[in-house]
Amino acid sequence: MKFRPGYLALAPLAPLGAAVAHAALTPRKTSAYQPQPDPDRAMAYAEKLSAMIRCDTTSHANVREPEKFERFHALLAELFPLVHEKLARTDIDGNLLYYWPGRAHDRPIVLMSHQDVVPAEGTWTHAPFSGDIADGKVWGRGASDTKCSVMAFFQAVEELLAAGYEPANDVYIASSCTEEWAGDGAPKLVAELKRRGVRPFLVCDEGGGIISEPIGNFAMVGVFEKGKADVKFTARSTGGHASAPTANTPIARLSAFVTDVEKHAPFRKKFLPEVTAMFTRLAPYAPFGLRLVMGNLWLFAPLMKVVLPRVSAQAGAMLRTTIAFTMQSGSDAYNVLPQEATLGANMRFIPHQGEQESLAIIRRLAEKHGLEMEVVHTNDYSEPVDIHGEAFRQVERVIGETFPGLPVSPYVMTGATDAHFYQEICDSCVRFAPVIYGPEQMKGMHGINENIEYSCLPGAVDFYKNLIRAQER
């Protein structure tokens, strides 16, 4: 056979042609789920959530405020009387643990979400602790983060108890009052479960949710969390008068360090199996251009590593360790060179470059610029849930039963939850709040005008009821 140069020119097009064919042949799917109208239930649940929001449970780091949580606990007893009559309740410094014994005890589940909320600052359309019910929403701090989940699983158990239901296996309800500042509440609850010899089959906490954008309602189930560290960098000098500045002052060195990190990203990007699975599941629901790229990562991963962080900070953070510079200090006067200037940063570790490797990389860069580095707090990433395992498949099945037509995808948590602490006693800690988070709800979490659309609350209650009943199988 005679060699023809044209074959060489066409060779690079073959992978692209295969990718285009794969995208074209992938059946186009549409997320069909929408909350079914159930106005009576939705309003009844909205009123309970409203009462919970009106009870201010703002928490502050290392500040004990038992009175506000005692008021909240009294409200829970009022709103959910059967839960408090039938379940054994343990209060550990304001952190709650309820035990509902099942017929068996070998595969217990834990339903959890936190009681506390972040401070409410700024000017709100509806006062942050009003619990106003207006425009199809419940308004106020904690509406979406995460008193909606707390209300939903308490209500689920309340309704099952009213129906005389006995769970097939043990059920625990857990709720800390220190989640918003990564306090010791959840560790105390975990220690109590360890003391009792409890090893859960499944823990279901907040984290993911039913996300309404960009391709319609989609259940994003968090399967692991990135690690986290707070790091302080210090630059020192002998100080001096600003009228005769020396070179490489503390602030100049800190600035050079920040510029170096920002312009020459030091952390490696990689598509983890869970991220690849997420894009594979999302691809059929996307327009053709996105379907082509997302469904053919074997070809487009190098391009996606460049493009994703520019398109979405959230998506980009799923590929690599991140560092965000958040705090600064220097001289107390404009005309004085500081003897010491500091810079604070928050790091989030990815599994392929975990805690030790990521800290070592940033330490070398800090030393290059003559900085001292202090690790104020650190913890590594959590081990991923097996997305092919029984616990994840059970959650996936319950989502399908509760929300017909709702697609499910694994999801990497770039933030932090109390579920991290439960990894010590449970291999399957999923992060999923069964409520709809549209752009407005996402913006309101830790921001102003936090709210939740109350039409999705019946589905949330039903999800927890179905998750408890799933233990029958």
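## Two helices, one sheet and a buried glutamine

Leu297, Phe300, Ala301, Met304 and Leu308 are buried in helix 11, where buried means under 20% relative accessible area, with exposed over 50% and partly exposed in between (1.4 Å probe, protein chains only). Please keep in mind that this is a predicted model, in which local features need pLDDT of at least 70, side-chain atom pairs count only at pLDDT 80 or more, and totals for chains, interfaces and linings use all residues. Residues are numbered from 1 along each chain as its sequence is written, and side-chain values use heavy atoms, with hydrogens and water left out. Helices (H or I, at least four residues) and strands (E, at least two) are DSSP runs numbered from the N terminus.

**Helix 11, a bent helix**
- Helix 11 (residues 297–311) spans only 17 Å between its end C-alpha atoms, while a straight helix of 15 residues would span 21 Å at 1.5 Å a residue; the expected span is 1.5 Å times one less than the number of residues.
- At Leu303, helix 11 bends by about 50°, the bend being the angle between axes fitted to the seven residues ending there and the seven starting there.

**Helix 3, in line with its expected length**
- The 16 residues of helix 3 (residues 39–54) should span 22 Å at 1.5 Å a residue, and its end C-alpha atoms are indeed 22 Å apart.
- Among the buried residues of helix 3 are Ala42, Tyr45, Leu49 and Ile53.
- Its buried residues pack against partners including helix 4 (66–79), helix 6 (147–162) and helix 17 (457–469), with contact meaning heavy atoms within 4.5 Å.

**The four-stranded sheet**
- Here 4 strands form an open sheet in the order 11-13-9-14, with antiparallel pairing; two strands pair if DSSP finds at least two bridges between them.
- Strand 11 (322–329) and strand 14 (372–379) are at the edges with a single partner strand each, so one side of each has no neighbour in the sheet.
- Strand 9 (residues 227–236) and strand 13 (residues 340–349) are joined in the antiparallel sense over 10 bridges, and Lys232 has Gly344 in strand 13 as its bridge partner.
- Helix 13 (residues 355–368) packs on the sheet, touching strands 9, 11, 13 and 14, and its direction makes about 160° with that of strand 14; axes are lines fitted to C-alpha atoms, for helices over the stretch in contact, and angles run from 0 to 180 degrees between N-to-C directions.

**Gln423, a buried loop residue**
- Gln423 lies in the loop between helix 15 (419–422) and strand 16 (429–437), and is buried at a relative accessible area of 16%.
- Not counting residues up to four places away in sequence, Gln423 touches Ser382, Glu383, Cys429 and Arg431.
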